[in-house]
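Colleague: I am new to this structure and would love a close look at one part of it. Could you walk me through the surroundings of the ligand?

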Amino acid sequence: MILGVIADDFTGATDVASMLVRAGMHTVLVIGVPAAGLPQADAVVIALKSRTVEPAEAVAHSLAALSALQAAGARQIYFKYCSTFDSTAHGNIGPVTDALMAALGSDFTIACPAFPENGRTVFRGHLFVGDALLSDSGMRHHPLTPMNDANLVRVLQAQTSQAVGLLRHDVLDRGPSAALESMSHLRAEGVKIAVADALSNDHLLTLAEACAGLPLITAGSGVALGLPPAYSRRGWFTPHANAAELQVLQGPAAVVSGSCSEATQAQVAHWLAAGRTALRVDPRALHEGRQSPATVLEQATSALAHGPVLIYATATNQSVQEVQQALGVHLAGHLVERALASIAKGLVQAGVRRLVVAGGETSGAVAQALGVQQLRIGAPICPGVPWTQSVLPGSRDTAQLALKSGNFGGLDFFAQALRQAGVDL
Ligand code: ADP
């Protein structure tokens, strides 16, 4: 194994795996840390669900993942977080980075969530989502990790006792040796974690080349794009042309959405406006017993005969806030995640073989409910979201899952994903 990746959520894991596959690395994603050891591949991505848990728990899970990757011989470790730097005031990006650095004996790393193809750029340490600063973007309303500051040096410094500095875009413009020189200056000044600017794929390639020798990289998925060519230049592996090939599957198809991000709200509205079948899950109705996952599943299963069905909890910011005030943030999220996960499991038991899931936490809950342990990564539907394939536990059947991070994908993403998997729409 060349690269071992620790991803803080499921969609983040598929996102980074997709980048590696695109650049020709055979990549396997495993969900959680398997007791039986890791599979062999050029890169193994361990998907955790550690973004919003307590920092101590996130650290413990990340260190367990690190041990497994080290035992399997990983040459470099990559801590993958969201391209919108999703974190709370106390973590978990800072505490997990600190713990991984200590365990690896690393005295310097970078932090770079940039993903320019998806509109996430970092300029002078400030994260932009499209044309807006992170703090002006929809992320300020996120149900679990609202982001109210775009200055990543400040955001990260609040989460770590190690000194945070900045590696600027004008240095990256001058190529990998200038980046390496600047990194050694930062190191000499006592900086342990450098937030790295990146406005383009060229910047990501330069960063990857400059960082390929570090024990640890912390980043969104963008930097991973540049690592396979950097490894290949070092003679560590040869890119494979068929790295993204998956089987063609038959059977019903469905979409499950628990994301309330702006992009997903628009995608759900687009599906509804096209007159396609959809069923809404309502957290208050679930709480008060007026709705149950079993009845939604029953309706969804009978609708499947007529084509793909969408089951969604996706709601407007105002409606999410009202529900959170009434039930509390965690209970509201938990009720929805549990309901959608059990509906998704029921759909797969009813024969669904191509399933799109929207939302990072939601995808984690669905994958856990399905009991899938390993995903092969296929071709991307849009930057950051690949189709994946896995064997269903207790059977020889396989199913394909597209796990979409909330803010990713165009308006027609759901139909586009299903068409790409061979569904007639
Ligand atoms: P994203 O990738 O957009 O951040 P996530 O699935 O990670 O999506 O997070 C969305 C969170 O919001 C989940 O915990 C989900 O259960 C919760 N949620 C979804 N719909 C609602 C709703 N209508 N009211 C309150 N919370 C909701």
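Modeller: Happy to; here is a tour of the ligand site. This is a predicted model, in which local features need pLDDT of at least 70 and side-chain atom pairs count only at pLDDT 80 or more, while totals for chains, interfaces and linings use all residues. Residues are numbered from 1 along each chain as its sequence is written, and side-chain values use heavy atoms, with hydrogens and water left out.

Let's start with the shell, meaning residues with a heavy atom within 4 Å of the ligand. The shell has 19 residues, and His 142, Ser 259, Ser 261, Glu 337 and Thr 362 come nearest. By type, the shell holds eight nonpolar, nine polar and two charged residues; Gly is counted as polar here, and Asp, Glu, Lys and Arg as charged.

Next come polar contacts, which are pairs of N or O atoms within 3.5 Å. Ser 261 places a polar side-chain atom 2.5 Å from a ligand oxygen, and a side-chain N or O atom of Thr 362 lies 2.7 Å from an oxygen of the ligand. Ala 313 uses its backbone instead: an N or O atom there is 3.0 Å from a ligand nitrogen. The protein buries 96% of the 570 Å² that the ligand exposes when taken alone, with areas from the Shrake-Rupley method and a 1.4 Å probe.

Finally, the wider setting. Domain 1 (3-233) and domain 2 (253-420) both give residues to the shell, so the ligand lies between them; the bounds come from an automatic or database domain assignment.

How values were computed
Polar contact = N/O pair within 3.5 Å; in protein donor to acceptor, adjacent residues only side chain to side chain.
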